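This report describes one protein chain, proceeding from its general outline to individual residues. Please consult the sequence and the structure while reading.

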Amino acid sequence: MTLDEIQKMSDRDLKVHSTKLYKISMDVPILHNKYYKLFSKERLSFKKLEGEYDQLFREKYHYYMIDYQYTLDKKEVLIYIAGDVNIITKKNQMEFSKEKLRALEGIIDNINRISFNIRNAVVYSPFFIIVI
């Protein structure tokens, strides 16, 4: 699932209408479960990407230290590895996954606060009617 899809889904799921406060409060556990499942899957996906990156790094390190046509010292090997297309691609995938994890954490935090926000809306709604 892409970051845009997650954001659009959360925009739909987290809309709070003042006329549907009871239904929304009853949906909190369902929403929490839904997004926590997505978070767990994405965290596992990130861990897999970390393992793939570590394996790729070892392969590239071995290649540049032993199989490469020129002799390089350790600093030069690290520079070559940092500029390797496969390494850059894997790092980009990891960063994208991290961003999805951060977004999902934020969504879960918002879901955890919905009940508090609904309570405030109910308690302070008479004051808003008077002010308007």
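The following paragraphs treat the overall form of the chain and then five of its residues.

**The chain as a whole**

The structure is a predicted model. The chain contains 4 helices and 0 strands, and its elements follow one another from the N terminus in the order α-α-α-α. The radius of gyration of the chain is 23 Å, whereas the globule rule gives 14 Å for 132 residues; the chain is therefore more spread out than a compact globule. The dimensions of the C-alpha trace, taken along its principal axes, are about 80 × 30 × 20 Å.

Of the 132 residues in the chain, 28% are buried. The area that the chain exposes is about 9700 Å², and 58% of this area is supplied by carbon and sulfur atoms. The chain carries 22 positive and 18 negative charges, and the mean positions of these two sets lie 7 Å apart.

How are distant parts of the sequence represented among the contacts? If one considers contacts between residues at least 6 apart in sequence, 72% of them join residues at least 24 apart. The residues discussed below include several examples of pairs that are separated along the chain.

**Glu-42 and Lys-41 in helix α2**

Helix α2 comprises residues 21-67, and Glu-42 is part of this helix. Is Glu-42 buried or exposed? Its relative accessible area is 10%; because buried means under 20%, Glu-42 is classed as buried. The side chain of Glu-42 forms a polar contact of 2.6 Å with the side chain of Ser-97. Apart from neighbours within four places in sequence, the residues in contact with Glu-42 are Ser-97, Lys-100, Leu-101 and Leu-104.

Lys-41 also belongs to helix α2. Its relative accessibility is 60%, so Lys-41 counts as exposed. Leu-101, which is in contact with Glu-42, is also paired here with Lys-41: the two residues are 60 residues apart in sequence, and their C-alpha atoms are 9.7 Å apart.

**Glu-99 and Ile-87 in helix α4**

Helix α4 comprises residues 85-131 and contains Glu-99. With a relative accessible area of 35%, Glu-99 is partly exposed. A polar contact of 2.9 Å links its side chain to that of Arg-102.

Ile-87 lies in helix α4 as well. Its relative accessible area is 0%, and Ile-87 is accordingly buried. Which residues surround Ile-87, leaving aside its neighbours within four places in sequence? The residues in contact with Ile-87 are Tyr-53, Leu-56, Phe-57, Lys-60 and Ile-81.

**Leu-78 in helix α3**

Helix α3 consists of residues 74-82, and Leu-78 is located there. The relative accessible area of Leu-78 is 43%, which places this residue among the partly exposed ones.

**Pairs of residues compared**

The table lists pairs of residues with their separation along the chain and the distance between their C-alpha atoms.

| Pair | Separation in sequence | C-alpha to C-alpha distance |
|---|---|---|
| Lys-41 and Leu-101 | 60 residues | 9.7 Å |
| Glu-99 and Leu-3 | 96 residues | 7.9 Å |
| Leu-78 and Tyr-61 | 17 residues | 7.7 Å |
| Ile-87 and Tyr-53 | 34 residues | 7.2 Å |

Tyr-53, listed with Ile-87 in the table, is also one of the residues in contact with Ile-87.

**Summary**

The predicted model shows a chain of 4 helices that is more spread out than a compact globule. Among the residues described, Glu-42 is buried and Ile-87 is buried, Lys-41 is exposed, while Glu-99 is partly exposed, as is Leu-78.

Technical notes: Residues are numbered from 1 along each chain as its sequence is written. This is a predicted model: local features need pLDDT of at least 70, side-chain atom pairs count only at pLDDT 80 or more; totals for chains, interfaces and linings use all residues. Side-chain values use heavy atoms; hydrogens and water are left out. Helices (H or I, at least four residues) and strands (E, at least two) are DSSP runs, numbered from the N terminus. The radius of gyration is taken over C-alpha atoms; the globule rule is 2.2 Å times the number of residues to the power 0.38. Buried means under 20% relative accessible area, exposed over 50%, partly exposed in between (1.4 Å probe, protein chains only). Contact means heavy atoms within 4.5 Å. Accessible areas come from the Shrake-Rupley method with a 1.4 Å probe; for residues, only the protein chains shown count as cover. Lys and Arg count as positive and Asp and Glu as negative; His and the chain ends are not counted. The place of a charge is taken as NZ of Lys, CZ of Arg, CG of Asp or CD of Glu. A polar contact is a pair of N or O atoms within 3.5 Å; within protein, one must be able to donate a hydrogen and the other to accept it, and residues adjacent in sequence count only if both atoms are side-chain atoms.
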